[in-house]
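Work through the exercises below with the sequence and the model in view. Each task is followed by its solution in steps.

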Amino acid sequence: MKNHNVIVYPFTAIVGQEKMKKALILNAINPKVGGVLIRGEKGTAKSTAVRALANLLPEIQVVEGCKYRCDPNDVNAMCEECLEKVKAGTLKSSSIKMKVVDLPVSATEDRVVGTLDIEHAIKKGEKRFEPGVLAYAHRGILYVDEINLLDDHLVDVLLDSAAMGVNTVEREGISFSHPANFVLVGTMNPEEGELRPQLLDRFGLCVDIKGIMDVARRVELIKYRLSYETDPKAFAAGWQAAESELCEQIILAQKLLPEVKISDSMLELISQICVDMGVDGHRADITMMKTSITLAAFYGRTEVLEEDVKEAAELVLPHRMRRKPFDNYSDKQDKLDESIEKQREKKKEKEKEKEKNKNEQQKKEHNEQSGKEQALSEEQKSDNPEDSTGEQPDASSETIFATGESYQIKQFSPDFRRENRNGSGRRSKTLTKSTQQVY
């Protein structure tokens with residue numbers, strides 16, 4: 001558990017703050033969730049959790065010597081230099097730990113997105129791009145402490161790059177693009193000011209944390225910290241088994257993620273929750289869907305369940321709902337439960353209607369089949385008018401049928417017709433061509 005010869009506090013040793021840890025893990029499994037904003041009091045392990053997560057995750061394969069740490073197995077996401085190495089057949093790979101790149105509040109736009117390499121321009125007279133913080137954060141974690149104090153346009157740049165996975169620079173005659181796929185983690189103290197709603201909405205998840213109020217848990221936290229500061233190496237070794245177990249669970253979830261399916265009923269539940277909660281736009285629906293799928297993968301399932309959607313809603317919606325005076329968490333939780341219950345009732349009604357239609361269809365098919373069988377039976381009787389003994393019944397004999405038994409009426413007709421005679425008078429005793437249907 002070493003990182004630049006510094007023993008990092010174990011992620012699993014953090015006491016409490018389960019929602020914050022879950023949000024960070026979900027972003028590690030699926031960076032497309034869109035990052036996480038952690039709002040809370042000072043001294044609640046926000047920075048500790050971020051750095052511990054990076055140390056927990058497995059090493060990543062990178063192209064040796066690439067300043068953007070491109071993935072050697074993903075040609076589509078490589079920079080220009082790595083693509084040239086692929087063509088030349090000189091590409092080599094190595095393993096490194098995932099990095100946590102800190103972005104200070106005083107950072108300028110040039111330092112964030114990159115700029116012209118002035119030294120190279122003066123010495124060689126050539127234009128060359130100097131990478132910024134976004135380049136160094138590729139395939140890592142970009143941590144912004146006190147993000148609410150950062151300039152709004154810089155926050156917008158960070159969120160755009162995190163969503164697109166690419167940083168494009170157009171300045172001083174330079175047109176350059178490079179991969180910038182990272183997990184964005186922002187922390188803030190609401191007492192120092194809020195982010196604009198447009199920027200809040202760009203964060204995938206949001207967690208509000210507070211200090212632990214249980215005395216026993218606080219004492220446990222103090223003891224852990226004291227043990228860590230006394231002997232960091234021994235303390236980290238004591239948590240190695242828990243760290244390895246969580247790391248293995250994250251790796252398995254990453255592999256399982258493409259196989260997770262979400263049903264139409266769960267998508268309807270997601271949309272129903274967003275409508276009832278009064279969120280603007282459709283980003284909440286999409287983010288909740290991604291988060292639900294990631295949660296199912298984290299729990300080792302290939303199908304999203306209702307509890308996954310509910311847990312995702314608690315992470316996706318807090319910073320997107322319209323705030324009213326005297327709002328509290330319990331009211332929002334009750335509203336979420338009502339929305340889920342409403343969708344359950346709709347689902348039950350649909351199942352009842354489906355069952356009713358199914359029964360009606362089966363009844364209709366049964367009646368049609370009975371009609372066909374009856375028609376076939378009558379047709380067979382008409383084709384075989386002889387009785388069971390094979391003898392033709394006498395015309396003068398009387399046949400008695402059982403009650404409810406079907407029988408066929410035989411039409412009577414004369415043995416012959418004479419049409420060569422024209423009778424006189426009003427009626428004719430025989431059938432002729434000139435007096436058809438007159439007798």
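**Exercise 1.** State where R225 and E229 lie and how far apart they are along the chain.

Solution. Both R225 and E229 belong to helix α9, and four residues separate them, about one turn of the helix. Helices here are DSSP runs of H or I with at least four residues, strands are runs of E with at least two, and both are numbered from the N terminus. The model is predicted, so local features need pLDDT of at least 70 and side-chain atom pairs count only at pLDDT 80 or more, while totals for chains, interfaces and linings use all residues. Residues are numbered from 1 along each chain as its sequence is written, and side-chain values use heavy atoms, leaving out hydrogens and water.

**Exercise 2.** Decide what joins the side chains of R225 and E229, and classify each residue by exposure.

Solution. Step one: the two side chains meet in a salt bridge, 3.2 Å from N to O. The term requires a side-chain nitrogen of Lys or Arg within 4 Å of a carboxyl oxygen of Asp or Glu. Step two: R225 has a relative accessible area of 35%, so R225 is partly exposed; E229, with 54%, is exposed. The classes are buried under 20%, exposed over 50% and partly exposed in between (1.4 Å probe, protein chains only).

**Exercise 3.** Repeat this for D308 and R301.

Solution. Step one: a salt bridge links D308 and R301, at 2.7 Å from N to O. Step two: D308 is buried because its relative accessibility is 0%, whereas R301, at 22%, is partly exposed. In total, the structure holds eight salt bridges.
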